[in-house]
Amino acid sequence: MEVPEVAEVAEVAEAADVSERPGVVPVDGSGAVGAVGDADLAGAVDDVGAVGAVGAVGAVFGEPVTRVRRRGRTALLIATAAVLGLVAGTCAGYLVQADREPTKLPSLSQPVVAQAKGAGPEPLSAAQDRRVKTDGDLRKLLIKRPKGARDVDYPAGQDGWLSLGDYADQLKNADQEFGDLVSAEFRRAVSTEWRMGNTDSVAVRLVQYRQEENLGAAERAGNWNVDGASGRPIPGTSDGMAYVTDKPDTKPGYLPLYTAQAHAWRGDIAMEIWIYDTKPISKAKIMDLAKRQMERL
């Protein structure tokens with residue numbers, strides 16, 4: 001199809017009645033070419049050079065004419081402006097920072113504190129600091145032997161001190177007890193023993209533990225075999241107990257043996273008292289010894 005001239009387009013526009021509304025209006029019911037509104041026609045005539053002859057044809061035959069735009073240019077301009085803005089801001093920030101005076105760092109050296117003159121404070125007394133008492137001669141904390149008491153035939157340890165091996169030998173299953181004492185952080189132990197009659201004997205021991213990783217004194221004081229014995233709490237202690245066997249230990253060829261024992265702890269020291277006799281032992285006797293010994297701790 002040949003493209004009509006611009007003059008022909010103008011003639012068609014004059015012949016059509018476009019006074020009522022712009023747009024495409026058919027001339028008659030026969031489907032002839034519709035008229036073009038003034039605005040559309042003007043746009044079609046103006047765009048002949050830009051769009052080409054096809055745009056004019058579209059205007060003539062009642063088809064809307066779309067102006068072709070170049071896309072991507074606006075987005076590119078915005079992106080370029082954003083990049084330039086970031087670069088300019090960064091450069092400006094560096095320039096401002098470079099012009100500022102450097103911040104001074106605080107001095108690493110500190111003022112020298114003058115040493116106090118005169119004598120230092122007096123050390124705490126044993127009543128104020130229990131470690132003064134317990135770090136000294138542990139034998140001084142042992143209960144005093146009663147008047148008329150005699151030495152036992154074979155006292156444990158040497159001069160009242162018990163080594164780890166000496167103390168373990170006083171217990172049943174000495175080999176196992178030796179390892180348990182090492183695990184409990186055994187530090188040192190002292191002992192005093194005496195006899196009042198021909199059939200009884202008393203042993204009082206204080207065992208001190210280092211207690212760097214566990215509470216050895218508390219654990220050892222509460223871990224004794226008291227089967228077949230009735231117990232009573234020791235006054236003045238948190239969980240100290242005194243026990244007396246209800247029935248004696250009997251073996252063929254030996255006299256019956258009654259036993260009483262007391263166990264308590266304070267700080268890093270565990271206390272234990274043992275009484276053996278061929279006659280029944282009263283609870284008052286073991287309780288009296290336990291109370292007096294704990295008062296010294």
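**Exercise 1.** How do the residues of the lining of the largest pocket divide into nonpolar, polar and charged?

*Solution.* The model is predicted.
Step 1. Take the volume: the largest pocket holds about 1,300 Å³ of space.
Step 2. Collect the lining, which consists of 38 residues. Q170, K172, T259, W274 and Y276 lie nearest the centre of this pocket.
Step 3. Sort the lining by residue class: 13 are nonpolar, 11 polar and 14 charged.
Step 4. Assign the lining to secondary structure. At least two residues each come from α8 (174-183), β3 (201-209), β6 (258-266) and β7 (269-277). The most is given by β3, with 4 residues.

**Exercise 2.** Describe the second largest pocket by volume, lining and residue class.

*Solution.* Step 1. About 310 Å³ of space lies in the second largest pocket.
Step 2. Its lining has 17 residues, and R145, G160, S191, T192 and E193 are the closest to its centre.
Step 3. By class, this lining comprises 5 nonpolar, 5 polar and 7 charged residues.

**Exercise 3.** Find the aromatic pairs and place two of them in the structure.

*Solution.* Step 1. Count the ring pairs whose centres lie within 6.5 Å; there are 4 aromatic pairs.
Step 2. Take F186 and Y209, whose rings are 6.4 Å apart centre to centre with 90° between the planes, an edge-to-face pair.
Step 3. Locate both residues. F186 belongs to strand β2 (residues 186-194) and Y209 to strand β3, so the pair ties together parts 23 residues apart in sequence. Both F186 and Y209 are buried.
Step 4. Take W274 and Y276, which form a stacked pair at 6.5 Å centre to centre and 5° between the planes. W274 counts as buried because its relative accessibility is 12%, under the 20% limit. Y276, with a relative accessible area of 30%, is partly exposed.
Step 5. Check for clustering: Y167, F186 and Y209 form one aromatic cluster.

**Exercise 4.** Classify T134 and G222 as buried or exposed, and describe the surroundings of each.

*Solution.* Step 1. T134 sits in helix α6 (residues 130-134). Its relative accessibility is 1%, so T134 counts as buried.
Step 2. List the contacts of T134, leaving out residues up to four places away in sequence: L141, R188, Q208, D268 and I269.
Step 3. G222 is in the loop between α9 (216-221) and β4 (229-233). Because its relative accessibility is 67%, G222 counts as exposed; the limit is over 50%.
Step 4. Compare sequence and space for G222 and D239: they are 17 residues apart in sequence and 8.2 Å apart in space, C-alpha to C-alpha.

Conventions. Residues numbered from 1 in each chain as written. Predicted model: local features only at pLDDT ≥ 70, side-chain atom pairs only at ≥ 80, totals over all residues. Heavy atoms only, no water. Buried < 20%, exposed > 50% of the residue type's maximum accessible area, 1.4 Å probe, protein only. Contact = heavy atoms within 4.5 Å. 1 Å grid on protein atoms, 1.4 Å probe; cavity = no way out; pocket = protein on both sides within 12 Å on 5 of 7 lines; lining within 4 Å. Points joined across faces, edges and corners; volume = space filled by probe spheres on them. Nonpolar A, V, L, I, M, F, W, Y, C, P; charged D, E, K, R; others polar. Phe/Tyr/Trp six-rings, centres within 6.5 Å; stacked < 30°, edge-to-face > 60°.
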